[in-house]
Amino acid sequence: MNKRTIPDRRLEKDTQLEQAQEVMLGLLKVFVDICEKNNFTYWLDGGTLLGAVRHKGFIPWDDDLDVCMPLEDYKKFLVLPDSEFPEYIYHDKRDGFQRLRDRYSKRIDEETDSDKDFISIYMDIFPMKKYPYMRRILARIRMCMPPYTPPSINKNTSNKIIKIRRLIANLVFYLLTYTGLQFIIRFLSLFGPKTVWGYDLGATWHFHYKDKWIFPLKKMQFEDDSFYVPYDCDAYLSYLYGKDYMTPKPDNHHNNISILPTTPCNHPEARNWFEDFPETMKK
């Protein structure tokens, strides 16, 4: 594929965030073309799925894009040769998950980023794996522990109910931690039918989705195209964000992030937009 097949319309947008979203949409379209070519399965996840359901596109303030793949296809995608990707996309094979990165941009995260990495506009690709249902039970217990908040708890839940749930969770957690019960449960969680999907990542092991929530996949509008999403988006998003997921909430997660859609980062694989497209430079 090593050529441009998706038009780049970043400069047709007004704000830097809108330009970044246009770039991410292009990355997603390239990703989907590769998946269709190789018969890989994927679906929109996290805030990207929420945006599809609630806004038919990006959440207005969102500056990243998330998709999931079954582990088998994820591993195949990981070893694709560079020739499968257009020259303006960098296939970032980092530990734990993959990213497709735009070579022309720079993303500055004041809290985490370093010039040693390829820091630009990107989309995340997460591996999903099937687990026994017992693992989901353990995950639900852990999600009641600080700093996690159970998805069923929302802004309308009383403090008394929250305190009771966390008290019960702490008691259970104490029994699991300081008795041999945890080892028995962990052993049992290795067995049984694999009926739930979880991220094959240590940091997000507490999220597990029922198979019937995801499959069969269906297509849903996202911006000017349609992409695969879980079959039961309501159950998926209610579990992830709570029953009131359709109500927008203030987001402070990205306050320390700056995006420069036509400024390359310091990585040697980055490219200069105005050198490749001098006709777009303002006179």
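**Helix packing and buried salt bridges in a predicted model**

Modeller: In this predicted model, the axes of α2 and helix α8 (residues 233-241) come within 11 Å and cross at roughly 130°.

Biologist: Why are α2 and α8 called oblique to each other?

Modeller: Angles over 145 degrees count as roughly antiparallel, and those from 65 to 115 degrees as roughly perpendicular. The crossing of α2 and α8 is at roughly 130°, which falls in neither range, so the two helices are called oblique.

Biologist: What is the hand of the crossing of α2 and α8?

Modeller: The crossing of these two helices is left-handed.

Biologist: Which residues of α2 and α8 meet?

Modeller: From α2, the residues are Gly 46, Gly 47, Leu 49, Leu 50 and Val 53. Their partners in α8 are Cys 233, Tyr 236, Leu 237, Leu 240 and Tyr 241.

Biologist: What makes α2 largely enclosed by the rest of the structure?

Modeller: A residue is buried when its relative accessible area is under 20%. Of the 10 residues of α2, 8 are buried, so the helix is described as largely enclosed. The buried residues are Gly 46, Gly 47, Thr 48, Leu 49, Leu 50, Gly 51, Ala 52 and Arg 54. Their cover includes the strands β1, β2, β9 and β10 (225-229), together with helix α8.

Biologist: Which residue follows α2, and what is its phi?

Modeller: Lys 56 follows α2, with a positive phi near 60°. Lys 56 is not a glycine, and its place is in the loop between α2 and β2. Most residues other than glycine have a negative phi. Asn 39 also has a positive phi, near 60°, and lies in the loop between α1 and β1 (43-44).

Biologist: Why does Asn 39 count as exposed?

Modeller: Exposed means over 50% relative accessible area. Asn 39 has a value of 67%, so the residue is exposed.

Biologist: What is the peptide bond from Phe 215 to Pro 216, cis or trans?

Modeller: The bond is cis, because its omega is near 0°. Pro 216 belongs to the loop between α7 (211-214) and β9 (218-222).

Biologist: How do you know that Arg 10 forms a salt bridge with Asp 102?

Modeller: The criterion is a side-chain nitrogen of Lys or Arg within 4 Å of a carboxyl oxygen of Asp or Glu. The closest N and O atoms of Arg 10 and Asp 102 are 2.8 Å apart, so the pair qualifies. Arg 10 lies in the segment before α1 (16-38) and Asp 102 in strand β4, with their positions 92 residues apart in sequence. Asp 8 also belongs to the network of salt bridges that links Arg 10 and Asp 102. The structure holds 13 salt bridges.

Biologist: Why are Arg 10 and Asp 102 counted as buried?

Modeller: The limit is again under 20% relative accessible area. Arg 10 has a relative accessibility of 0%, so the residue is buried. Asp 102, at 1%, is therefore buried as well.

Biologist: What surrounds Asp 102 in strand β4 (residues 98-102), and which residues is Asp 102 in contact with?

Modeller: Leaving aside neighbours within four places in sequence, Asp 102 is in contact with Arg 10, Val 23, Leu 27, Tyr 88, Phe 118, Ser 120, Ile 121 and Pro 261. A polar atom of the Asp 102 side chain also lies 3.3 Å from the backbone nitrogen of Tyr 104.

Biologist: What makes the pair of Asp 63 and Arg 107 a salt bridge?

Modeller: The N to O distance is 3.8 Å, which is within the limit of 4 Å, so the pair is a salt bridge. Asp 63 is in the loop between α2 (46-55) and β2 (66-70), whereas Arg 107 is in strand β5 (residues 106-109), 44 residues apart. Asp 63, at 6% relative accessible area, is buried, and Arg 107, at 7%, is buried too.

Biologist: Which parts does the salt bridge of Arg 103 and Glu 269 tie together?

Modeller: The side chains of Arg 103 and Glu 269 meet at 3.1 Å, N to O. Arg 103 lies in the loop between β4 and β5, and Glu 269 in the loop between β11 (257-260) and α9 (273-276), so the pair ties together parts that are 166 residues apart in sequence.

Biologist: Why is Arg 103 called buried, and why does Glu 269 count as partly exposed?

Modeller: Arg 103 has a relative accessible area of 12%, which is under 20%, so the residue is buried. Glu 269, at 37%, falls between 20% and 50% and therefore counts as partly exposed.

Key:
Residues are numbered from 1 along each chain as its sequence is written. This is a predicted model: local features need pLDDT of at least 70, side-chain atom pairs count only at pLDDT 80 or more; totals for chains, interfaces and linings use all residues. Side-chain values use heavy atoms; hydrogens and water are left out. Buried means under 20% relative accessible area, exposed over 50%, partly exposed in between (1.4 Å probe, protein chains only). A polar contact is a pair of N or O atoms within 3.5 Å; within protein, one must be able to donate a hydrogen and the other to accept it, and residues adjacent in sequence count only if both atoms are side-chain atoms. Contact means heavy atoms within 4.5 Å. Helices (H or I, at least four residues) and strands (E, at least two) are DSSP runs, numbered from the N terminus. Axes are lines fitted to C-alpha atoms, for helices over the stretch in contact, and angles run from 0 to 180 degrees between N-to-C directions. Angles under 35 degrees count as roughly parallel, over 145 as roughly antiparallel, 65 to 115 as roughly perpendicular and the rest as oblique. A crossing is left-handed if the near helix is turned anticlockwise from the far one by less than a right angle, and right-handed if clockwise.
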